[in-house]
Every structure is written in structure tokens, then in C-alpha cells.
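Work through the exercises below with the sequence and the structure at hand. Each task is followed by a solution in steps.

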Amino acid sequence: MTIASSLQQFIHSEKIAIHYCGQKINYPQLIERISTTKRKLLSYLPMPEHKVVAFLIHNKLEFLTLFLAIAELGAIALPLDPKWSGRDLDAIMDDARPDLLITDDRERFSHGFVPLETFLAAEPSFLPLPNVSSDTLFYLGYTSGTTGKPKGFVRTHASWLNSFQCTNAFFQLNSADRILSPGPLVHSHFLYAAVHALSIGATLYLPEKFDAGDVLSLMEKERISAVYIVPTMFQAMLKRYEEKKARPNVHLRTILSSGAKWHPASRKKAKLLFPNAKIFEFYGASELSFVTYLDEKGFEYDLQSAGRPFPNVQVSIRHESGEEAHPGEIGELYVKSGMIFAGYWNDDELTKKVRKGEWATVGDLAVMDENGYIRLVGRKSNMILSGGLNVYPEEIEHVLEKHPAIEEAAVIGVEDDYWGEKAVAFLRLKEGQTLTKEELKTYCRKYMATYKCPKMFFSVKAFPYTSSGKIARKQLKSLLGKGEVIS
């Protein structure tokens, strides 16, 4: 069984599968497109099994049909992000060494590619189609490289099929839903949303790009019932909603947010726009898939929690010794489920560090309470060693963002002759607000140990973000000379 096997049950349905920029295709048309695309791929790769097919295509129908066709042939799909720098793109191409490269952006490559229009005009091959099992690798994705060299992670069909079951059971999405995936398909959060929607026979809505006003209009006009977002998308929609003094959307019933922690104050405002929607945040990773969920009951219990593990997920919080941490103790979070990744591409050593038998960890540090709710303390790789003591940037950020004058905060470690490393905070203040360094130091000392308090504060107009809505931490150091020092 594959991620697209279930589409065949809709072969005789005239139901619309995808709305894209005014264009509609039904399920039989979608299945035919995937079949034709498979045949065209065979004309370039007569033996496609385990071959890597890379493609750099902007958000359009061809992205999705090509991805599914590659997966159905037993090949490995490698979506490339148009936003990647030339340096990152070169590193990824050198690491993946794809057998075929298809693009609608010729300027990004000097040679070795097939233009999308050439591929679409190719004659189909009628060679035999290979048999593909659920254990076959189908997806090679790369992290955005926010903390260093991009890493390639690979997934099997089975890992996504298990994720589909989790989504169906827990979020109760079904074929009657109108599901909006408003972000770039190259990001796994939105790609998964799209593929899952089709797997259950729902109607999928895809915009060419995210625009808050356009998305709000689409949601109202088409009576969207479920939407996948990252928190920064909601902030943009909220701003547009307030500017236009629009009416609340009463049709939406499910909001699925991931990619970054949704600020509690922002999440509370979601009910202004979508009063009838159930809100789910879920924590996961490219390597782990779903780990924990935070529903409305959990949000009331602990605003800062990442929630509790999904029913089919086991979580273990462990000390460096490997021993299980007691409730309230910080440890590294390990996950065991049928949804975790197969390993890293061309990096067995890193795979061994992350996958420990049936368990896997991406280095997140967490605390579990006596009721099974998990708080993420920070990432091991982000930890600051200041004066010989461990400091977690995320903990400082949570404190700073509770200040009434601060809209958003980010903390990094910077080398220091005396401390070894010191915590430096970047702050985006609310409109019309000002703060002094002394006010900030006094505030921080009230809620944190002195050694955790940032040694310097910078005011910035905006933060750099990854496509998943997370602050791009490795780019923050470049703001040291650009941000305004708070004195």
C-alpha cells in the first residue's frame, strides 16, 4: 500500500478533488494526471525504483501530481524550496545527487535539469509499472538549515500511512471536509495536509501563495471546514481581519497549527475570527511526525504546554545517563511510534545518534508533569553554557513575551571572554512601546535566576523566519550590528 493507493476508490466519483486558483479537477481527472505523469517519468527513468527525482516547482498542481507520481513509482521525491539560498541549494544537490531534476525556474540551475514544460510535453512510456510496498522510501526532505548544514531525512510510505490513521482518528477529518492548505507545498506541514486530504476523498484548496486577505476571502466564500496553519499565518490573518473590521467566519470547524509554538495571547484571539472552530496545536518534527497535541482542554490546563502524546505515540524523557526522568525533571525527549522517519540520507552516523532502536530523538529537552502534559524547555543544540551553567533560550523567551510591552522575543548565545557564552535577547516591541535596559533587567530578575538573564538587549523591527514560521536562529547573529541596542 502507498500514500496514494486510496485514491483509486474515488475513480468513479465526480467530486472535486482540488481547487487551485479558480481551476477545479475532480478525482478521476486527478488520478488520470498522476497516471500520465508516472508514464512520462518512466520515459526518463525506465527503472525508477529507489531513484531520486528532485524538482523545484512553485506552488501549482504539477507539484502535487509529480510528487504523488514519483512516490507511486517506488522512486524518492525530493522537493526543492525556491527560497533556499544558492549555497544551501548547492549543498543539497551535492548531497542528494538526484537521478533526475525537473524545474520551472531555469535560472536556479546552470545545467543537468529538465524544464517543466519539456517534461510535460514528453511522450509517455508504457514499460511495466513496478510494485511498491509500504516499506519503500518515497520522500527525501531537507531541514531548512536554521542551525547549520541542511540534513536530508527519508520517510517510508508506512510512516505517512500511520500518520493518516492518526489524523483521521484524532482530528476527525473526513471526505465531507473542505480542507485548506495555504502554505508552500515544499514545506512538509502543508504537503502532508494536501496528500492526507486527497487520501480521504476530501476537497483540497490550494492557493498559489499565502496572502492573508485572499485566504480569509477564500475561507468565507468556499465555506472551508478545516485549515492547516503556522502561527505567523494566523497573525497576518488577524491583522487583516482587524483592519477590515470583517465578520467572524462561522463555517470553520477545525484549525490545525504546527511548526512553532502558538503564542497563548494570539491563540486566544482565534475565537474572534473563528468562533466555532476547534483548535489543535501539535508538536512534531520532520523526523518524528506527530508527537503531542494540545487541544482546548489542555490549553486551559497549561498555556505553555506542548500537550500530551497522541494515543499511538510513546514518549520517554531521559537523563544523559539514559535513566527515565521523574515528573518535573528536565530530560531529552524520545519518541516511539510507527510514524518516525527511516533515517538521514547519506549519514549513518547521525542516524545512529537520533535513532536508538525503535526510539528516536531530535534533541528536544522537555519536562513531563504528573498528568502527562509536556513542556518543551529548549533544544539541546540551542543551549547556552554561561558561566558553567545551562541556560535555555526558550525559557527566557517565554518570560520576556509575558511582558506587556513585548510582542516577540528571541534569545541566542554569543561568545564572551568572561562568561564563555552570554545570552543576548532580540525584542520586537509592541507599537508605541519603549523599554530601558534597567527595566528589562529588573523584570527578568523577578522571574528568573540571575545567571539566566540576558546580558544585552536589542530592539528589532522584524525577525527572519523559516517557511514553518520559526525564527531563523542562525540569522539572528547578523542582526547584532543592525538592531538598536536597548540601553
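A pocket is an open set of grid points, on a 1 Å grid over the protein atoms alone, with protein on both sides within 12 Å along at least five of seven lines. The model used here is predicted.

**Exercise 1. The second largest pocket**

Task: Find how much space lies in the second largest pocket, and state which element gives the most to its lining.

Solution:
- Step 1. The space in the second largest pocket comes to about 360 Å³.
- Step 2. This pocket is lined by 16 residues, and the closest to its centre are Cys 21, Gly 22, Leu 206, Pro 207 and Leu 218.
- Step 3. At least two lining residues come from each of β1 (16-20), β10 and α7.
- Step 4. The most is given by α7, with 4 residues.
- Step 5. By type, the lining holds 7 nonpolar, 2 polar and 7 charged residues.

**Exercise 2. The faces of helix α7**

Task: Determine how the buried residues of α7 are placed around its axis.

Solution:
- Step 1. List the buried residues of α7: Ala 212, Gly 213, Val 215, Leu 216 and Met 219.
- Step 2. Looking down the axis of α7, these buried residues fall within an arc of 165°, so they line one face of the helix.
- Step 3. Asp 214 and Lys 221 are exposed, on the other side of α7.

**Exercise 3. The length of helix α1**

Task: Check the span of helix α1 (residues 27-44) against the value expected at 1.5 Å a residue.

Solution:
- Step 1. The expected span is 1.5 Å times one less than the number of residues.
- Step 2. For the 18 residues of α1, this gives 26 Å.
- Step 3. The end C-alpha atoms of α1 are 26 Å apart, which agrees with the expected span.
- Step 4. As for burial, the buried residues of α1 include Leu 30, Ile 31 and Ile 34, and also the charged side chains Lys 38, Arg 39 and Lys 40.

**Exercise 4. Salt bridges between parts of the chain**

Task: The structure holds 16 salt bridges. For three of them, say where the partners lie and whether they are buried, partly exposed or exposed.

Solution:
- Step 1. Lys 60 and Asp 104 form a salt bridge, with 3.0 Å between the closest N and O atoms. The pair links distant parts of the chain, 44 residues apart: Lys 60 is in the loop between β3 (52-56) and α2 (61-72), and Asp 104 in the loop between β5 (100-103) and β6 (114-115).
- Step 2. Partly exposed covers the range between under 20% and over 50% relative accessible area. Lys 60 is therefore partly exposed at 23%, and Asp 104 is partly exposed at 25%.
- Step 3. In a second salt bridge, Glu 117 meets Arg 106, the closest N and O atoms being 2.4 Å apart. Here Glu 117 belongs to helix α4 (residues 116-120) and Arg 106 to the loop between β5 and β6, 11 residues apart. Glu 117 is partly exposed at 45%, and Arg 106 is partly exposed at 45%.
- Step 4. A third salt bridge joins the side chains of Arg 240 and Asp 211 (3.9 Å, N to O). Arg 240 lies in helix α8 (residues 231-244) and Asp 211 in the loop between β10 (203-206) and α7 (212-221), so parts 29 residues apart in sequence are tied together.
- Step 5. Arg 240 is partly exposed at 29%, and Asp 211 is partly exposed at 27%. Salt bridges with shared partners join Asp 211, Arg 240 and Glu 243 into one network.

Notes. Residues are numbered from 1 along each chain as its sequence is written. This is a predicted model: local features need pLDDT of at least 70, side-chain atom pairs count only at pLDDT 80 or more; totals for chains, interfaces and linings use all residues. Side-chain values use heavy atoms; hydrogens and water are left out. A salt bridge is a side-chain nitrogen of Lys or Arg within 4 Å of a carboxyl oxygen of Asp or Glu. Buried means under 20% relative accessible area, exposed over 50%, partly exposed in between (1.4 Å probe, protein chains only). On a 1 Å grid over the protein atoms alone, a cavity is a set of points where a 1.4 Å probe fits but cannot get out, and a pocket is an open set with protein on both sides within 12 Å along at least five of seven lines; lining residues have an atom within 4 Å of a point. Grid points are joined across faces, edges and corners, and a volume is the space filled by probe spheres set on the points. The arc is that of the directions from the helix axis to the C-beta atoms.
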